[in-house]
Amino acid sequence: MPDIALDNLSKRFGTLVAVDGATLTAADGELLTLLGPSGCGKTTTLRMIAGLEEPSGGSIRIGDRMVYDHARGIDVPAEMRGLGMVFQTYAIWPHMTVAENIAYPLRMRHVRRAGRRELVDKMLDLVGLAGLGDKPSTLLSGGQQQRVALARALVFEPALLLLDEPLSNLDAKLREQMRFELRIMQQRVGLTAIYVTHDQEEALTLSDRLVVMNHGEIEQIGTPIDVYERPATRFVAQFIGKGNMIDVASGVDWQPSGARLTLHSGARVAEVHIPSSSIRTEPVRKAAATTNGGATPAASLFVRPEKIEIGDGTRTGTRSQQAVQLAGRVIGRAYVGNRAEYLVMINDATSLKVEASTDVTVGAGREVMLSIAPEDMVLYRPSLQ
Amino acid sequence: MSVLTGDAAPPRGQVAASFGVLRTPLVARLGIPPVVFYALLAVLLAVLVLYPFAVLLTSSFFTGQPGRLGSFTLVNYEVWLTSWDLLPILFNSVVYSTSRLAIGLFFALLFAWAVARTNVPFVGLMAWMIPIPFFIPDLLTAFGWLMLGNPQNGVINLLAQQMFGIQGPVINLYGWGGLIFHASLNTISFMFLMLVGFFKQMDASYEEAATTLGASKLKVMTTITFPMLAPAILSISLLVFIHGLESFENPLLFGNPGGVYVFANEIYRMLSYRHPPEYGAATALSVILIVVTFALLVLQWQKLGGRRYTVVTGKGYRPTRLRLPGFVRWGIFSLFVIYFLLAVVIPIGQIVFNSFFEIFGLYGWQYVTLKNWTNVLNNARAMNGLKNTIIYATIAACAVVVIGGLVGYIRVRTRHWLGYVLELMAWAPWTLPGVVMGLALLWAWALPPQPFNLYGTALVIIIGFIVKGLPLGAATMQSAVHQISPELEESSRVHGGSWLRTVRHILAPLLRRGAFATFVIVFAIAARDLTIPLLLYRDDIETLTVTLLHYYETADMGTLAATSLIQLALVMTLLLLDRLTREKEK
């Protein structure tokens with residue numbers, strides 16, 4: 001199975017830049033997910049790989065074959081790229097039976113009738129629809145259509161499998177089941193796959209690596225752990241999972257080894273030292289886009305709710321002396337089954353989301369102490385370049 | 001998860017060799033960019049649509065006649081714009097259009113609202129029968145009513161004379177009364193057809209919101225339902241008004257004998273009843289009519305452009321029906337019965353009845369005969385007309401399906417600006433009244449030197465039918481393309497189907513239904529059209545409608561009746577076929 005490489009791929013619709021210089025590679029057998037909010041350019045990128053959208057610049061290489069190169073004027077039409085694709089609406093042709101749908105790519109490749117039959121039956125078996133080949137495709141349920149779409153995309157052993165939000169039209173239960181099926185199937189066949197979704201949970205559980213996109217630009221490429229634990233930009237931090245972003249207006253002391261700053265909580269002043277390995281620098285223009293229109297802060301401190309420990313007013317938790325201690329008052333509490341979510345106000349401008357196990361119970365209105373380990377924090381520094 | 005257990009991974013190595021090679025599509029090999037095809041189509045449409053427009057406009061500034069342009073002059077317009085002659089035509093047209101619109105709107109709203117939103121009796125029957133008059137050619141019901149209500153020997157007048165000894169006509173359909181009466185019958189049906197969908201599809205939650213806030217059901221109707229539908233109602237009203245300005249059959253048959261002249265029959269009068277025909281004045285009047293129509297359409301766009309279909313969300317759940325008191329329910333139902341009698345049963349009944357009598361007005365048992373039928377079936381002229389109508393309408397309908405399909409496809413699927421140009425050109429003939437179109441085609445195709453001179457050939461009538469059917473045909477094809485998710489085609493492309501094979505295997509089968517519906521619509525429009533063949537025919541290429549008019553003008557009522565029914569059967573057969581295939585699809 002070949003790998004795929006996009007180099008500086010761009011797409012402009014008039015003055016709108018849908019995809020701005022996307023550069024990425026997916027290794028042989030890898031499942032790479034393009035993740036981002038709607039309008040971030042992920043679907044456009046996928047469609048450009050498929051050949052359904054003509055890029056405005058850059059190149060696409062699949063294996064050792066260049067399928068698009070703006071500079072050299074190469075543009076292989078969609079039907080010559082040899083890819084399999086599962087569409088968001090499945091795009092099961094209503095005027096064909098299940099078997100005819102699956103056999104279509106083979107027919108286009110001039111495979112003889114007997115050979116088609118055999119391969120289609122194998123695929124039906126693989127996706128668990130054995131015996132349904134002669135059924136009109138309009139009589140299938142959503143989940144079955146999904147499987148037919150997958151069978152059709154796999155039957156001719158494509159160079160690459162593209163999936164455009166394939167689970168978004170299924171109900172929640174089925175979606176979860178199909179998510180695992182898809183993953184196992186892709187690994188079994190050993191196929192390189194590019195997967196587009198706006199659902200971060202789907203992305204985190206399915207992918208070998210994620211590509212997080214926003215406003216047509218790639219924000220971060222990394223494994224699910226990378227992206228969740230060490231978000232490269234403010235956008236990624238806020239888009240993936242829950243998080244607290246504490247804007248620090250001024251008073252940050254930048255040093256080569258790290259940064260020092262102070263956090264005020266009630267009467268308490270906490271000294272925070274962030275090592276340079278936890279500092280991320282990003283252009284001001286991007287930082288501004290994620291701070292609701294206010295002035296760009298000197299820096300922003302990020303911490304996940306589950307990384308904050310909550311203790312009642314006297315005890316300060318079990319963490320080491322290194323931990324940052326903050327005082328606050330619980331202003332909201334929600335029970336979420338296996339854990340509880342708190343909203344804790346630490347000063348007039350800032351409240352933090354905190355997640356704790358249910359064996360600690362703190363009522364609303366109580367004074368609490370929060371402690372955060374320095375290694376669990378990431379500091380974002382806007383830069384002018 | 002059971003799906004994935006077992007050893008079912010596709011055996012890659014062994015079968016790979018059996019996959020054939022994908023071939024580069026022809027178009028790609030030739031290196032022709034698709035825009036070339038768009039441009040070619042645009043040229044075709046320009047020749048069909050814009051060229052006659054342009055010739056008409058040009059010739060309105062010349063003294064000549066079709067075939068001979070003459071010299072430049074402004075006298076054609078001077079005739080109209082410096083005298084009072086235009087005023088009565090304009091006045092009559094506006095009165096005619098307004099009154100048929102007012103009557104049509106009132107009854108159409110009543111029926112549509114009753115059928116969609118109330119517990120009126122026999123709802124299904126009403127919903128099915130009210131649209132029928134629209135599908136019956138105006139010409140036929142007009143003949144039926146004229147047999148009944150013309151002042152000299154109308155059947156009603158004859159009966160009154162025989163039974164009650166009344167001298168003079170009790171009913172006179174010549175002139176204003178008959179004109180507005182008969183035109184309204186068809187308008188009600190058409191407007192009902194357009195409106196009932198809006199009433200049915202309107203999202204009930206808007207109304208339910210008002211109900212929860214304390215509005216009574218009647219209050220909801222007046223403060224929510226009708227105001228929200230106002231843009232749609234206004235839009236349809238303007239359409240009907242414009243159609244009133246250009247309608248021809250009614251003014252010709254009811255207006256002429258009563259001395260009522262509107263644009264259409266005035267233009268026709270100057271071409272056919274004057275010797276020599278006044279081409280200059282007729283052409284100038286046509287241009288004036290186009291300007292008026294176009295101004296109205298621009299008005300419609302400006303006023304309603306942004307908020308046309310906003311209320312229709314199509315969620316598809318049934319709003320509760322308003323419970324009307326008994327006398328209102330049955331009152332509305334009686335109105336429907338009366339309407340259907342007037343619009344269909346009485347006029348068509350009269351024609352059927354008359355087709356079995358040799359002499360018009362002499363209805364006694366001893367005069368019953370099948371002679372009219374045998375005459376018609378052996379009549380070369382009627383059979384020739386029938387044959388021509390079928391051939392021309394079929395060719396035109398096929399052409400519109402293809403052209404409309406291409407225009408719709410380019411418009412819906414590509415972002416190319418030529419798509420908008422094509423759509424606009426396909427829609428443009430909508431503003432061209434039939435008579436004007438006939439005149440324009442006369443100028444356009446009788447003027448050029450051989451071999452482009454098509455006057456007197458079947459081709460010019462077919463071109464006329466294509467142009468006439470194009471606006472509705474292209475719109476229908478466009479909506480058919482619109483209903484096909486682009487992913488169905490993209491899926492074919494990605495999985496190895498070239499453009500051409502995608503069209504063949506995916507697009508064409510999926511469009512079959514819409515294409516047939518378009519064919520039926522255009523065929524029906526062409527088969528019932530009188531204006532285009534009337535100005536363009538020559539003996540052996542005359543269509544059935546022209547034959548019918550000939551029988552009417554020579555007062556050959558028996559033959560007229562039988563031929564009318566053949567015409568009716570033709571249109572109805574097709575509609576039935578359309579209905580049947582639709583049922584089968586379900």
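Let's start inside chain A, at strand 12 (residues 244–248): four of its five residues are buried, so this strand is largely enclosed by the rest of the structure. Buried here means under 20% relative accessible area, with exposed over 50% and partly exposed in between, using a 1.4 Å probe and protein chains only. Strands (E, at least two residues) and helices (H or I, at least four) are DSSP runs, numbered from the N terminus.

A word on the ground rules: this is a predicted model, in which local features need pLDDT of at least 70 and side-chain atom pairs count only at pLDDT 80 or more, while totals for chains, interfaces and linings use all residues. Residues are numbered from 1 along each chain as its sequence is written, chains are lettered from A and ligands numbered from 1 in the order in which they are written, and side-chain values use heavy atoms, with hydrogens and water left out.

Back to strand 12 of chain A, which pairs with strand 17 (residues 299–303) of chain A in the antiparallel sense over five bridges. Two strands count as paired if DSSP finds at least two bridges between them. Within this pair, Asn244(A) stands opposite Val303(A) of strand 17.

A little further along chain A there is an open sheet of three strands, with the order 13-14-15 and antiparallel pairing. Strand 13 (253–255) and strand 15 (268–275) of chain A stand at the edges; each has a single partner strand, so one side of each is left without a neighbour in the sheet. On average, neighbouring strands of this sheet are turned by 25° against each other, direction ignored. Such angles come from axes, which are lines fitted to C-alpha atoms (for helices over the stretch in contact), and run from 0 to 180 degrees between N-to-C directions. Strand 13 of chain A is joined to strand 14 (residues 258–265) of chain A by three bridges in the antiparallel sense, and Trp254(A) has Ala259(A) in strand 14 as its bridge partner.

Now step back to see chain A as a whole. It holds nine helices and 23 strands, and its C-alpha atoms fill a box of roughly 80 × 50 × 30 Å along the principal axes. Of its 385 residues, 53% count as buried.

Chain B offers a helix pair to look at. Helix 3 (residues 34–59) and helix 18 (residues 380–413) of chain B have axes that come within 11 Å and cross at roughly 130°. The two helices of chain B are therefore oblique to each other; angles under 35 degrees count as roughly parallel, over 145 as roughly antiparallel, 65 to 115 as roughly perpendicular and the rest as oblique. Where they meet, Tyr38(B), Leu41(B), Leu44(B), Leu45(B) and Leu48(B) of helix 3 touch Ile403(B), Leu406(B), Val407(B) and Ile410(B) of helix 18, contact meaning heavy atoms within 4.5 Å.

Two single residues of chain B round off the tour. Asn92(B) lies in helix 5 (residues 86–117) of chain B and is buried, with a relative accessible area of 14%. Not counting residues up to four places away in sequence, Asn92(B) touches Trp176(B), Val260(B), Tyr261(B) and Val262(B). Leu488(B), in helix 22 (residues 486–494) of chain B, is buried too, with a relative accessible area of 11%. With the same sequence neighbours left out, Leu488(B) touches Ala91(A), Ile92(A), Trp93(A) and Pro94(A) in chain A, along with Ile506(B) and Leu510(B) in chain B.
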